[in-house]
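Reader: I have a structure open on my screen and I am new to this. Could you show me how to read its features, one at a time?

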Amino acid sequence: EKGNKVTKTNVSNKSAIPLTRTHSKRKWPTKATNRHCSISSTSGKLNIKNMKRLLCAVSGMLLTMGAEGCSYFAIDTPEGEIVGRTMEIDGSAPRDTERPWFLVKTSKETIFDHDPYENGCDVASNWKGKYSHFGLSWGPSKRLGEAINTEGLSVQTHTLRLSQYQKPNTTGTTNICFTDLLPYIASSFASVAEVSDALKNDVSVIGVDDPSAYYHWAVTDKYHQAIVIEYVNGQLNIHNNTVRVMTNDPHFDFHLQNLNQYVWIGTSWSNQTAISVDSEIGVVPKQISHGINLGGIP
């Protein structure tokens, strides 16, 4: 399968498995919606068979469950990083019979055509992948919402409508359409360190003024490293995600600060040392003031 050429609208049936009610002998509920949750492991070097088995089992089981928002989390264990996320396509989206989930396999050394996203990505670069990966997508575009590759690198996409992407670069830098960043990372890199280095030095992520499709990304690897990638005012921001959590808007630094907002609800001085972690803004969560025991009450 080397040398395959794929676009977002041209994925072979062998590579895209629809996860619909007709895909299994199990009788799925008639009210299954475009809500999704998955769990993956970044421990060690994963093979295609194990990734397929894991993603199929978890995704198929959880098609019957509802998730009330898009959230990512990672749990560091002695056996490796356990990564999970929920995804909820809002209530305006069609039911899964019209826009089903797909398990998409992409082989190594695949040649990718850039996403033909209008108004801004027409100058985006094509690229040749290095690693095989599995991902989950929904709808006819097969655009991935998350993926994990054979090197144990996991990538999740979440909404960030406050994003402003970079301008196309004409000096030899690779221009990646923001809708392509997830498959670009999953197919090209084996570690968080490699991703960070490439985005800082070799890649411009370009996009259009379309707040309905703005994203930020969580990336985790088998080396227990985790980052959040955001583009704010046209500038790249890479956050060291020591708290191992990410969700949708607003920016990630807001969410770090917000972890301190509820530790003081109670009748005594809060002590959160048991769950506190170091972050780029200091230890969180922590007591940030005093005399505010009525804080949080409407």
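Reader: Let's start with R244. Where in the chain is R244 found?

Author: Keep in mind that this is a predicted model. R244 is found in the loop between β16 and β17. Its backbone has a phi near 60 degrees, which is a positive value in a residue other than glycine.

Reader: Is R244 buried or exposed?

Author: The way to decide is to look at relative accessible area, where under 20% counts as buried and over 50% as exposed. R244 has 12%, so this residue is buried.

Reader: Which other residue, not a glycine, has a positive phi, near 55 degrees?

Author: That is N233. N233 sits in the loop between β15 (226–232) and β16 (235–240). Use the cut-off of over 50% once more: N233 has 58% relative accessibility, so N233 counts as exposed.

Reader: What about peptide bonds? Which bond to P250 is cis?

Author: To read this feature, look at the omega angle. The bond from D249 to P250 is cis, and omega is near -5 degrees. P250 belongs to the loop between β17 (245–247) and α4 (252–258). A cis bond also joins V284 and P285, with omega about -15 degrees. P285 lies in the segment after β19 (282–284).

Reader: How many helices and strands does the chain have?

Author: The chain has four helices and 19 strands. Half-way between the parts and the whole, it helps to look at burial and contacts too. Of the 298 residues, 50% count as buried. Among the contacts with a separation of 6 or more, 71% are between residues 24 or more positions apart.

Reader: Can you show me a case of residues that are far apart in sequence?

Author: Sure, take S71, which lies in strand β4 (residues 71–77). S71 and N248 are 177 residues apart in sequence, and their C-alpha atoms are 7.2 Å apart in space. Leaving out residues up to four places away in sequence, S71 touches G84, R85, T86, H158, M246 and T247. At 32% relative accessibility, S71 counts as partly exposed.

Reader: What is the distance between the C-alpha atoms of G282 and L256?

Author: They are separated by 9.4 Å, and the two residues are 26 apart along the chain. G282 is found in strand β19. With a relative accessible area of 26%, G282 is partly exposed.

Reader: Now the inside. What should I look for there?

Author: Here is the general idea: in soluble globular proteins, nonpolar side chains tend to be buried together. In this model, the largest nonpolar core has 35 residues, and those with the most contacts inside it are L181, I185, V195, W217, V219 and I229. Several elements supply at least two residues each, including β6 (101–106), β10 (144–149), α2 (181–188) and α3 (192–201). The largest share, five residues, comes from α2. As an example of the packing, L181 touches I176, L199, V205, W217 and Y231, not counting residues up to four places away in sequence. Apart from this core lies another, of 11 residues, among them A74, V83, A218 and V284.

Reader: How do I read a single helix, then?

Author: An α-helix has 3.6 residues a turn, so residues three or four places apart point the same way. Let's try α3, where V192, V195, S196, A198 and L199 are buried. These residues cover an arc of only 165 degrees around the axis, which puts them on the same side of α3. On the other side of α3, A193, K200 and N201 are exposed.

Reader: What do the buried residues of α3 pack against?

Author: They pack against α2, β13, β14, β15 and β16.

Reader: Last stop, the outside. Which residues make a nonpolar surface patch?

Author: F73, I75 and V245 make one, of about 240 Å². V245 is found in strand β17, and its relative accessible area of 43% makes V245 partly exposed. For the surface as a whole, the chain exposes about 14,900 Å², and carbon and sulfur atoms supply 52% of it.

Technical notes
Residues are numbered from 1 along each chain as its sequence is written. This is a predicted model: local features need pLDDT of at least 70, side-chain atom pairs count only at pLDDT 80 or more; totals for chains, interfaces and linings use all residues. Side-chain values use heavy atoms; hydrogens and water are left out. Buried means under 20% relative accessible area, exposed over 50%, partly exposed in between (1.4 Å probe, protein chains only). Contact means heavy atoms within 4.5 Å. Accessible areas come from the Shrake-Rupley method with a 1.4 Å probe; for residues, only the protein chains shown count as cover. Patches are made of residues with over 30% relative accessible area and no salt bridge: like charges are joined within 9 Å, nonpolar side chains (Val, Leu, Ile, Met, Phe, Trp, Tyr) within 5 Å. A salt bridge is a side-chain nitrogen of Lys or Arg within 4 Å of a carboxyl oxygen of Asp or Glu. A nonpolar core is a set of buried Ala, Val, Leu, Ile, Met, Phe, Trp, Tyr and Cys residues joined through side-chain atoms within 4.5 Å. The arc is that of the directions from the helix axis to the C-beta atoms.
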